[in-house]
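Here are my notes on the model you sent over. Have it open while you read.

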Amino acid sequence: MEFIWLIPLLPGIGALVNGVVGIRFFSKKTAGLIAVSTMALAFVLSVVAFIELLDATERYYQVTVATWIPPIPLETVNGLGSFEVPWAFSLDPLSSMMLLVVTGIGFLIHIYSVGYIDHEPRAGVARFFCYLNLFCFFMLILVLGSNFLVMFVGWEGVGLCSYLLIGYWYKKKSAADAGKKAFIVNRIGDWGFILGVFLIFFTFGTLDFREVALAASTMPVETNLIGFGVVSMICLCLFVGAIGKSAQIPLYVWLPDAMEGPTPVSALIHAATMVTAGVYMVCRNAVLFTHAPMVMEIIAVVGALTALTAATIGLVQTDIKRVLAYSTVSQLGYMFLATGVGAFAAAAFHLMTHAFFKALLFLGSGSVIHGMNEEQDMRQMGGLKRYMPITFWTMSIGAVAIAGIPPFSGFFSKDEILYRTALHSWPLWGIAAITAAMTAFYMFRLINMTFLGGYRGPSWEGAANKHGHGDDHGHAWHGPHESPRLMTLPLIVLSVGAVFAGFFGVPAALGGSNAIEHFLEPSFTVVGASHVAEEAHHLSHAAELGLMALSVLIAVGGILFAYRNYVKQPHESEKLAKSFSGPHRVLTNKYYVDEVYDATVVRGTMESAKGLWTVDRKVVDGAVNGTGWTTLAVSWISHIIDKYVVDGLINLVAWFCGEASYIFRRAQTGLIQNYAFASLFGVFVFVTWYIFIL
Amino acid sequence: MIGVIGVLVRRNIIVIFMSIELILNAVNINLIALSDQLQDLAGQVFVVFVIAVAAAEAAVGLGIVIAFYRNKETVNIDEIQIMRW
């Protein structure tokens with residue numbers, strides 16, 4: 001397993017090659033080939049590492065590649081500590097699972113991208129693959145990083161790549177704006193994350209995940225009795241980071257806008273991998289979080305509320321990608337709900353299954369958009385089943401999986417979360433169950449509106465004539481069509497994953513062994529310590545089965561409701577929307593959250609900036625101008641003094657000399673005889689003096 | 001004495017020059033007379049020097065007068081007063 005540092009490096013090399021050489025010289029094929037092959041290699045290495053990890057007795061491996069920050073003395077709570085950060089990567093069950101998800105799904109999405117991005121100009125393709133590889137590089141650093149700082153490098157890096165890829169079509173203003181929005185909102189979260197990292201070092205004197213967990217396990221659990229201590233503060237800060245990255249309330253607004261990017265990007269970054277980084281980070285610090293039950297409570301509530309809010313918005317959206325975006329936010333809420341109730345394994349499990357079916361759904365929607373000539377509005381679709389059967393069937397599998405119908409993967413992971421939530425608190429379970437019903441409804445609303453019913457889109461004969469060969473893709477649109485094999489192949493592979501990924505975690509109540517939970521267990525506890533969060537009360541198997549049946553019933557209900565409203569009686573939904581026009585409008589406008597943020601945060605920032613500008617103009621500039629004016633005044637005074645006093649003195653002397661010279665000037669007659677006479681007179685005087693006086 | 005009065009009274013610059021020569025030659029006669037009286041050769045040597053200097057002075061002076069005359073067309077000392085303040 002010495003080679004795990006190679007796994008992030010490979011896509012990094014791919015990004016470098018494509019970025020430095022590729023944008024200038026590579027053809028579309030070469031650029032795609034390099035990106036795909038690096039990802040394939042990384043995936044193979046990940047599989048090898050995973051198998052080796054399974055064989056190892058102690059399922060933990062750490063490799064230090066290089067020193068980053070050499071030991072420097074730095075003050076901590078326990079006196080002077082040594083601050084040292086190596087470039088270290090570690091492999092344990094959790095990171096190996098994430099590794100497989102990132103490289104595996106990343107690899108599939110790279111293949112898909114080769115087909116999807118084919119219409120772009122040549123340099124754009126290389127740029128796209130450069131960004132995509134760079135993203136995988138940072139994401140793998142984030143996953144494999146053995147301490148908080150290395151993870152932070154990945155954390156920031158994926159944020160950067162997310163920004164670059166959302167703004168991939170940078171000439172489109174909405175895409176550029178969405179990129180900026182994602183970056184700035186993420187920055188708020190990163191601020192919390194880095195504060196948490198500072199606090200961790202200040203408290204524990206180390207940034208290594210294992211050492212921190214070990215140190216934290218000896219600290220008291222900060223319940224109500226002990227109060228809100230330093231561990232709670234750390235966890236809260238880290239959670240702020242997770243909120244930003246994983247798009248939870250109140251920072252979820254960037255994710256739906258992020259759909260401005262190319263669809264493979266939405267699938268890879270904004271569904272499968274990057275947005276789950278927050279969940280991953282919380283899971284990685286499970287020991288820390290279990291010592292802060294109050295923060296766990298906050299996480300659970302935030303997660304549940306996010307799941308519900310996003311699901312309700314998803315009910316009425318008409319843009320196919322936006323529905324999926326809100327669905328992602330909602331599912332991420334589920335994951336946080338799971339971590340909040342202490343079911344870290346369930347969260348990680350759901351993370352994995354969600355990565356499969358959400359990547360599948362996004363790629364499917366990309367295929368639809370591709371086939372519909374960049375149309376994203378579901379009201380313009382319908383009946384596409386006839387034209388793109390592979391996309392329809394694979395997407396349906398994804399939808400069934402996310403809705404939670406057994407035996408698809410979503411059922412097992414979501415049910416595990418619901419069950420653990422029910423153990424924890426019934427109101428949260430209620431919210432989660434309602435969300436599950438909504439999820440089933442909006443997913444099948446999407447499927448029905450897109451693939452079933454009659455075709456509602458533009459007619460393509462006319463469109464083909466109108467556009468001719470001069471449209472922006474260089475070829476006429478001959479109606480909805482199935483995507484090329486490069487795009488459908490990943491769909492099929494992912495749908496297989498979406499079907500079977502759940503079998504890693506069949507719960508005990510159904511005769512399974514819940515393998516994934518046991519596999520992940522070591523990552524959430526400290527070596528040698530007893531199981532920290534042993535559940536005190538278990539429901540009976542019968543009750544568990546009852547809950548499962550209930551959630552399946554809920555899901556089926558949602559699906560049937562969607563079927564009735566959008567396929568059987570397509571006008572029913574409009575009637576429904578009319579009779580609840582108030583709530584419908586609120587939901588269509590996404591609870592006006594963007595407007596509220598715009599009016600408060602954005603406007604507030606702008607106004608305060610304007611205020612500061614005014615202060616700058618009035619006070620600072622005033623001071624500067626005042627100084628200038630004072631200098632002018634002083635110089636004027638000294639000028640006056642110079643002119644009248646100094647010059648006056650000099651002129652006075654000169655004038656005096658001039659006036660005085662009038663007297664003497666008379667002597668200068670210019671007549672030689674006068675001078676001769678004067679000298680003769682002088683001689684007489686002196687002779688007289690000499691003779692008579694002396 | 002005659003020479004000194006000539007210098008002071010006459011207006012013609014040439015006459016003034018001649019008066020100056022008179023003064024110098026009077027001095028020469030005095031020097032020779034006194035050297036004879038005192039039996040000292042230094043007086044006569046001095047006279048030779050004075051004659052040489054007088055010749056040079058006459059040459060320079062007459063040169064100035066000629067140059068001046070070319071400019072002003074006059075040798076009247078009263079009209080030569082450009083050095084006046």
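1. The largest nonpolar core, meaning buried Ala, Val, Leu, Ile, Met, Phe, Trp, Tyr and Cys residues joined through C-beta atoms within 7 Å, has 210 residues. Here a residue is buried if 20 or more other C-beta atoms, placed from the backbone, lie within 10 Å of its own. A:Phe135, A:Leu337, A:Ala348, A:Ala359 and A:Ala432 have the most contacts inside this core. Helix H4 (residues 122-144) of chain A gives the largest share, 18 residues.

2. A word on provenance: this is a predicted model, where local features need pLDDT of at least 70 and side-chain atom pairs count only at pLDDT 80 or more, while totals for chains, interfaces and linings use all residues. Residues are numbered from 1 along each chain as its sequence is written, and chains are lettered from A in the order in which they are written.

3. Look at A:Ala359: leaving aside neighbours within four places in sequence, it is in contact (C-beta atoms within 7 Å) with A:Ile105, A:Ile109, A:Ala267, A:Ala271, A:Ala272 and A:Leu494.

4. Now H16(A), residues 389-403; helices are DSSP runs of H or I, at least four residues, numbered from the N terminus. Of its 15 residues, 11 are buried, so the rest of the structure largely encloses it. Among them are A:Phe392, A:Met395 and A:Ile402. The buried residues pack against helices including H14, H15 and H22 of chain A. After H16(A) comes A:Gly404, with a positive phi near 90°.

5. Overall, chain A has 26 helices and 2 strands (E runs, at least two residues). Of its 694 residues, 48% count as buried.

Notes. The expected span of a helix is 1.5 Å times one less than its number of residues. A residue is buried if 20 or more other C-beta atoms lie within 10 Å of its own, exposed if 12 or fewer, and partly exposed in between; C-beta atoms are placed from the backbone. Two residues are in contact if their C-beta atoms, placed from the backbone, lie within 7 Å.
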